[in-house]
Each structure stands twice: as structure tokens, then as C-alpha cells.
Amino acid sequence: MSKAKLRVTKPGLLCNLNLSLRRQTLAVTTNHQKEAKKMATEIEKLVLPDGKLETELTIRKEYGQNKYTQEIIDGNTPAAVVRVKSIADVQAVLRYANERRIAVTAFGAGTSIVNGSAGQNEGIVLDLSGLNEIIEINIPDQYAIVQAGVLNGVLDAQVRQQGYFFAPDPGSKPISSVGGNIATDAGGMSSLKYGTTKQSVIGLKVVLADGSLVEMGSRCFKDNVGYDLTDLFVGSEGTLGIIVEATVRILPLPFGTPTTGLATFASMKELSVAVEKISASGLAPSLMEALNSTSIEALDRLEQTDLGKGNAAALLIFQLDVTPQGAVEALKKILHENNALHVSVTTEKDYAQKIIKIRQDYYQAEAAYGRLIVEDVAVPLSKLPALAEFVDQLTFQTPVKAFLGGHAGDGNFHPNIAIPRELNAIPADVKAAIKKIFAYVQSIGGTISAEHGIGDLKDEWVLPQLGQQLVTLQKKVKHTFDPNNILNPGRKV
């Protein structure tokens with residue numbers, strides 16, 4: 001009888017428990033829906049001088065994840081998207097959000113691969129792509145003033161018509177915004193000689209969390225009055241203020257004929273040693289890009305080339321945008337003395353374009369093998385051979401294709417992994433490999449982010465790299481500019 005009671009009682013308890021859980025879930029869901037509806041009603045009160053408020057669900061969900069982010073992140077649905085048309089719009093949104101403690105995320109062109117400009121749940125996304133005016137190109141003083149939504153490639157094309165160029169050269173140059181480049185301190189192929197975006201920014205207009213507009217920096221290349229807040233905002237990922245306008249340096253196109261070339265090696269380790277020697281030579285190349293054997297294979301497949309001939313397992317693409325007398329001979333000598341298998345050098349423009357295109361097609365070639373996981377690390381130049389060897393020894397159980405390439409001249413490599421497209425989540429062994437890379441990079445004095453930012457994907461690695469004392473100090477800086485923590489909260493530090 002007691003057993004019968006037990007058999008009857010257990011399902012009854014389970015039913016009651018399940019019913020209770022369903023009621024709790026329904027209550028939570030109902031409360032969440034009520035809060036979301038209340039939020040939507042409240043946001044409708046936001047008055048914009050020029051912009052457009054979007055609250056339609058499908059639009060909001062589109063802004064919940066950056067489409068180039070390598071990891072699929074579910075659940076982010078901002079409460080509203082504001083398509084900005086003026087600085088006054090940005091000020092109105094921040095005043096409104098700051099009073100109500102609503103998260104605000106700046107969105108430029110959405111090219112972040114770490115989900116750094118994706119809207120947060122029940123937050124507001126500021127779409128700055130409508131701030132796309134080139135305000136001034138000043139040739140005598142060698143600067144341009146642009147709004148944050150201007151595309152890097154558009155600005156560069158405009159100033160090239162007048163014999164100048166805009167130096168920041170990320171792989172996303174044609175599609176990324178200047179504001180986004182500044183927010184992440186984007187690098188690229190030309191950063192070896194001309195620096196990252198930071199070296200090109202001399203002034204900013206920023207809307208702070210309380211809606212006030214501040215100008216920092218100047219139109220001078222040297223300005224040592226007060227603390228350098230301009231540099232502080234470069235790379236801040238929208239956590240200190242919203243960059244709405246920038247004064248950037250433009251440079252005259254180099255005089256003479258550039259020299260472009262490629263060299264192959266038996267290993268990435270040997271290539272890395274050659275890069276170190278060239279960097280120390282005084283030749284000042286404007287570009288030194290490296291690709292490993294799987295990257296060569298991918299490019300040969302895409303371009304119908306034969307870069308891997310002669311057992312080449314590593315490829316170096318280089319350029320001297322200024323070629324002093326004797327420089328080509330000196331460069332060839334260094335390459336041959338450091339075990340280059342094949343060296344090809346040209347001053348012929350069309351052939352040079354083909355060589356540069358090989359590097360520009362790097363990601364496209366790799367993406368043919370699956371959904372591409374793109375990483376971004378940097379190490380001191382002397383550690384490049386060790387990093388190349390470490391990455392080359394990684395093994396995987398999942399059928400993936402691993403690549404290694406990037407800006408070898410400034411120690412910035414991109415370990416990339418193509419995973420099967422049908423997988424929604426990154427496989428455990430791939431995640432483990434990435435963690436091994438990060439831990440190793442930090443152990444040899446490197447960084448887990450050189451030009452892509454922190455966003456949602458790398459926050460756990462900030463404390464191990466910076467240490468608690470520095471993280472605490474940075475949080476104090478954040479609190480000074482954004483005391484209510486509404487600007488891209490939870491990201492950067």
C-alpha cells in the first residue's frame with residue numbers, strides 16, 4: 001500500500017512541480033513582456049530633431065548582432081534603433097537614455113567581428129551611418145574633417161584625387177566607417193609604416209553620456225596642452241562617449257615608384273626570422289604580410305596561381321613605397337641569406353597590383369572552406385617564430401581548416417579557423433585551441449587584441465593581460481566619463 005501511495009504521489013508531485021514551474025515561467029515571461037511593452041511606450045516619447053526612431057521587431061533584432069561576428073550570439077534585442085541624421089540627434093538620445101539608465105550602443109558600419117557594436121537587450125542602438133559627410137579636405141594643412149559614418153574607402157578615394165591618401169588600411173577598408181576605425185583603433189596592411197588609426201587622428205568631436213558635446217585635440221600635428229583625451233577615445237569602443245566627428249591627418253602620396261614583391265620559405269618560422277631581419281635593416285618597408293601553407297593552398301585554389309611551388313610553406317608579400325638607391329639589392333640579399341626559396345620583385349604597376357590583390361583576397365580564399373573564425377593577436381617581433389611554430393602544432397578533432405597570416409611586419413598575426421558551415425556553435429576543440437593561443441601569446445608578452453577590439457568575445461582575457469590594478473584604474477576612467485554606465489556597458493573593461 002505504501003508503495004502504491006509512492007507511485008501515485010510521485011507523479012502528482014511532479015505534476016504540481018511542473019505546473020508551478022510553468023506558472024513561474026509564464027509570470028516571468030508576462031512580466032518581461034509588460035516591461036518590454038512599457039519600455040517601447042516610453043521610448044516612443046523620445047523626440048529627435050532630425051533622425052528616425054525604429055521600434056519594429058525585425059529591425060531591432062537585426063541590430064542585436066554584428067553580421068560579421070564569428071560567433072553566433074542569441075537573445076540580444078534592443079528596445080529601439082535610432083537612425084541618426086545630426087549631432088543633435090545623438091545628444092537627444094544620450095540625454096534621454098542617461099536620465100533613464102538605458103544602455104546605448106554606437107553602430108557605424110557594423111563590421112565588428114567581436115560583436116562590439118551590437119545592440120544590447122532593451123537598450124538603444126545609435127546608427128551613425130547617416131552622419132556621412134566629408135566636411136572639409138584641407139590640402140595646405142594636410143587634414144580632413146569627416147563625420148563618423150563616412151566610409152574609410154570613400155575618404156581615401158576623395159583625397160587620392162588630390163594627391164593624398166588616408167593611411168589606415170584595415171581589411172574592411174571599403175565597408176568600414178572612420179568612426180568605427182577610431183573606436184577600435186583599426187590597423188591593417190599599411191600600419192607597419194604609418195601606424196594604426198591612432199596615428200592619423202588629431203581631433204575629435206564627442207557626445208558624452210549626459211548629452212554634452214566636447215571637442216578635443218586640434219588641427220595641429222603637435223598639441224601638448226592638457227591631457228591627451230583624443231588618444232584616450234581612440235580604441236575606446238564606444239564606452240566613454242559617442243564619436244560624431246573627426247579631424248584626421250592625410251598624407252601626400254609617396255614620391256617615386258614603389259617596389260613590390262613576394263618571397264617563399266620552407267616554414268613560417270623561417271619567414272618570421274627574415275621579417276625580423278628586414279625590420280632591423282633600415283629599409284622601412286610599408287608592408288610585410290605573411291601567409292602560411294594552408295593560406296597559400298587556399299589562395300592558389302581561388303586565384304588559379306602556383307604560389308606553393310617548390311615545397312613553399314610560407315609566403316611573404318612586401319612593399320617599399322619609397323625605394324632608395326640600393327634598397328632592392330639589400331632586400332634581396334636579406335631574403336636569400338635567410339633561406340628564401342623564391343624571390344620575385346617588381347616596379348611594374350599591374351604586376352604589383354596582382355601581388356597586393358593576393359593578400360587582399362586572403363579572407364575570401366579561406367572562407368571557401370567554411371565559416372571563418374578570425375582571431376587577432378600580436379607579439380614582439382622576436383617572438384614571431386615561436387608563435388608561428390606554436391600555432392602550427394595545434395591539432396583538432398573537428399574537421400576544420402586552420403590558417404595563419406597577417407601583418408608580420410608589426411607582429412600582428414591572425415590565426416583563422418574555417419569550421420563546417422552547418423555548425424551553429426564553435427566546436428569545443430576550436431574554442432580550446434583559441435584559448436591556448438591567447439594564453440601562450442600573453443605568456444610571451446603579447447596581446448590578445450591588436451586591431452579588432454574586445455567586444456563581447458574577449459572580455460575574460462582583459463584581466464589576465466592588464467592585471468587588477470590597471471583594470472580598476474580603467475574602470476575609474478570609465479566612471480568619470482559615464483557615471484551611470486550606459487555607454488556600451490560590459491564591454492572593453
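**Close-up views of a predicted model**

**Figure 1. Surroundings of S177.** Beyond its neighbours within four places in sequence, S177 is in contact with G108, A109, A148, G149, V150, L151 and N152. The model shown here, as in every view of this set, is predicted. S177 lies in the loop that links strand 7 (164-165) to helix 5 (178-184). Is S177 buried or exposed? The relative accessible area of S177 is 2%, and the cut-off for a buried residue is under 20%; S177 is therefore buried.

**Figure 2. Strand 14 and its two faces.** Strand 14 comprises residues 314-320 and is mostly covered, with 7 of its 7 residues buried. Which residues lie on each side of the strand? One face carries A314, L316, F318 and L320, while L315, I317 and Q319 belong to the other. Both faces are covered, and the residues named on either side are all buried.

**Figure 3. Pairing of strand 14 with strand 12.** Strand 12 (residues 259-265) runs antiparallel to strand 14, and 7 bridges join the two. One of the residues to locate in this view is F265, whose bridge partner in strand 14 is A314. A314 also appears in the preceding view, among the buried residues on one side of strand 14.

**Figure 4. Pairing of strand 14 with strand 13.** How many bridges connect strand 13 (residues 287-292) with strand 14? The two strands pair over 6 bridges, in the antiparallel sense. M288 has F318 of strand 14 as its bridge partner. F318 is buried and shares one side of strand 14 with A314, L316 and L320. Strand 14 thus has antiparallel pairings with strand 12 and with strand 13.

**Figure 5. The chain that surrounds these close-ups.** The secondary structure of the protein chain consists of 16 helices and 19 strands. Its radius of gyration is 26 Å, close to the 23 Å that the globule rule gives for 493 residues, so the chain is as compact as a globular protein of that length. The C-alpha trace extends over about 95 × 65 × 45 Å along its principal axes. Of the 493 residues in the chain, 50% are buried. Among contacts with a separation of 6 or more, 73% are between residues 24 or more positions apart.

**Figure 6. Surface and charges of the chain.** The protein chain has an accessible surface of about 23,500 Å², and carbon and sulfur atoms account for 53% of that surface. The chain carries 50 positive and 52 negative charges, and the mean positions of these two groups are 9 Å apart.

Methods. Residues are numbered from 1 along each chain as its sequence is written. This is a predicted model: local features need pLDDT of at least 70, side-chain atom pairs count only at pLDDT 80 or more; totals for chains, interfaces and linings use all residues. Side-chain values use heavy atoms; hydrogens and water are left out. Buried means under 20% relative accessible area, exposed over 50%, partly exposed in between (1.4 Å probe, protein chains only). Helices (H or I, at least four residues) and strands (E, at least two) are DSSP runs, numbered from the N terminus. Two strands pair if DSSP finds at least two bridges between them. Contact means heavy atoms within 4.5 Å. The radius of gyration is taken over C-alpha atoms; the globule rule is 2.2 Å times the number of residues to the power 0.38. Accessible areas come from the Shrake-Rupley method with a 1.4 Å probe; for residues, only the protein chains shown count as cover. Lys and Arg count as positive and Asp and Glu as negative; His and the chain ends are not counted. The place of a charge is taken as NZ of Lys, CZ of Arg, CG of Asp or CD of Glu.
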